[in-house]
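Here are my notes for your first look at this one. Keep the viewer open and go through the points in order.

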Amino acid sequence: MSTAAKNKAPPAKGRTAVEEALINAACKMLAEQGPRAMSVRNVATAAGVNHGQVHHYFGGKRGLIMAAVLRLARDHFEHANKRAGDNPVPPPLSLGQDTEYWQALVRLILDNDLEAATAEINEGISIPRQVIQSFTGKESPADAPLKVRSLFATMIAVELGWASLEPYALMMSGIEPEDTERARDYARQMVGLLYNHFDEVTANMKDSPMKD
């Protein structure tokens with residue numbers, strides 16, 4: 001039995017219910033399969049609607065993908081800010097708590113769909129951009145020095161890499177299951193130190209001898 005058949009929902013009725021059902025199904029399939037493997041028919045089946053509704057309400061597969069991506073991004077933005085409290089920076093290595101978001105993000109990147117993966121930027125719901133702005137005071141990362149942007153790229157890679165590769169990373173590092181939580185705590189502390197001493201770290205970074 002296919003994933004779509006197993007996940008088939010009761011029929012949705014009314015525009016709002018149909019759109020909601022399709023977006024929810026698309027979010028799940030983006031996380032499980034990625035944009036290339038996701039089909040309009042399977043999403044519609046999982047949502048319990050006719051596949052023609054995808055074209056009617058979203059203009060086709062691409063429109064549905066973008067709607068699902070923005071739903072996931074908005075949910076993550078809300079959750080991350082709640083975890084952060086009054087701080088514009090969420091707790092270190094907390095991205096993994098929004099499983100469907102980071103799984104979909106990884107699959108979008110692997111399928112080379114960077115347009116969808118970065119759609120949150122134009123919507124003003126990007127946590128990485130919020131963090132960059134809080135540290136640099138710049139509306140656009142392009143206004144910050146290259147070494148500052150490079151450090152942020154490293155921090156983004158650490159957050160996404162830990163969320164997606166933690167079991168592999170722990171195993172390769174020889175960390176036993178009973179030590180997993182302590183290892184996580186040490187990793188959070190290390191990333192937290194980077195956040196807390198950002199200015200000091202960037203000040204000590206040597207400029208590359210290579211010319212532009």
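1. Start with the largest cavity, which has a volume of about 50 Å³. A search of the whole structure turns up one cavity of 30 Å³ or more. Keep in mind throughout that this is a predicted model.

2. What surrounds that cavity? Its lining is made of Val-69, Leu-72, Tyr-101, Ala-104, Leu-105, Leu-108, Ala-116, Ala-117 and Glu-120. By class, that comes to eight nonpolar residues, no polar ones and one charged. H5, H6 and H7 each put in at least two residues, and H6 has the largest share of the lining, with four.

3. Now the largest pocket, which holds about 680 Å³ of space. It is lined by 31 residues, and the ones closest to its centre are Ser-126, Ile-127, Pro-128, Arg-129 and Ile-156. Several helices give two or more residues to this lining: H5 (61-84), H6 (99-110), H7 (114-117), H8 (119-122), H9 (127-136) and H10 (146-172). The most comes from H10, with seven residues. Sorted by class, the pocket lining has 22 nonpolar, four polar and five charged residues.

4. H10 deserves a closer look. How far apart are the end C-alpha atoms of H10? They are only 32 Å apart, although the helix has 27 residues and a straight one would reach 39 Å at 1.5 Å a residue. Look at Leu-165 in H10 and you'll find a kink of about 85°, shortly before the proline Pro-167. Just after H10, Gly-174 takes a positive phi of about 70°.

5. Which residues of H10 are buried? They are Val-148, Leu-151, Phe-152, Met-155, Glu-159, Leu-160, Ala-163, Glu-166 and Leu-170. When you read that list, remember that an α-helix has 3.6 residues a turn, so residues three or four places apart point the same way. Among the elements that cover the buried residues of H10 are H6, H9, H11 (180-196) and H12 (198-204).

6. One loop residue is worth a stop. Ser-94 sits in the loop between H5 and H6. Is Ser-94 buried or exposed? Its relative accessibility is 4%, so Ser-94 counts as buried, the cut-off being under 20%. Setting aside its neighbours within four places in sequence, Ser-94 is in contact with Arg-83 and Glu-159. Glu-159 also appears among the buried residues of H10.

7. Finally, step back to the whole chain. How many helices and strands does the chain have? There are twelve helices and zero strands, so to speak an α at every step from the N terminus on. Along the principal axes, the C-alpha atoms fill a box of roughly 60 × 45 × 35 Å. Of the 212 residues in the chain, 38% are buried. Among contacts with a separation of 6 or more, 69% are between residues 24 or more positions apart.

Definitions and conventions
Residues are numbered from 1 along each chain as its sequence is written. This is a predicted model: local features need pLDDT of at least 70, side-chain atom pairs count only at pLDDT 80 or more; totals for chains, interfaces and linings use all residues. Side-chain values use heavy atoms; hydrogens and water are left out. On a 1 Å grid over the protein atoms alone, a cavity is a set of points where a 1.4 Å probe fits but cannot get out, and a pocket is an open set with protein on both sides within 12 Å along at least five of seven lines; lining residues have an atom within 4 Å of a point. Grid points are joined across faces, edges and corners, and a volume is the space filled by probe spheres set on the points. Ala, Val, Leu, Ile, Met, Phe, Trp, Tyr, Cys and Pro count as nonpolar, Asp, Glu, Lys and Arg as charged, and the others, Gly among them, as polar. The expected span of a helix is 1.5 Å times one less than its number of residues. The bend at a residue is the angle between axes fitted to the seven residues ending there and the seven starting there. Buried means under 20% relative accessible area, exposed over 50%, partly exposed in between (1.4 Å probe, protein chains only). Contact means heavy atoms within 4.5 Å.
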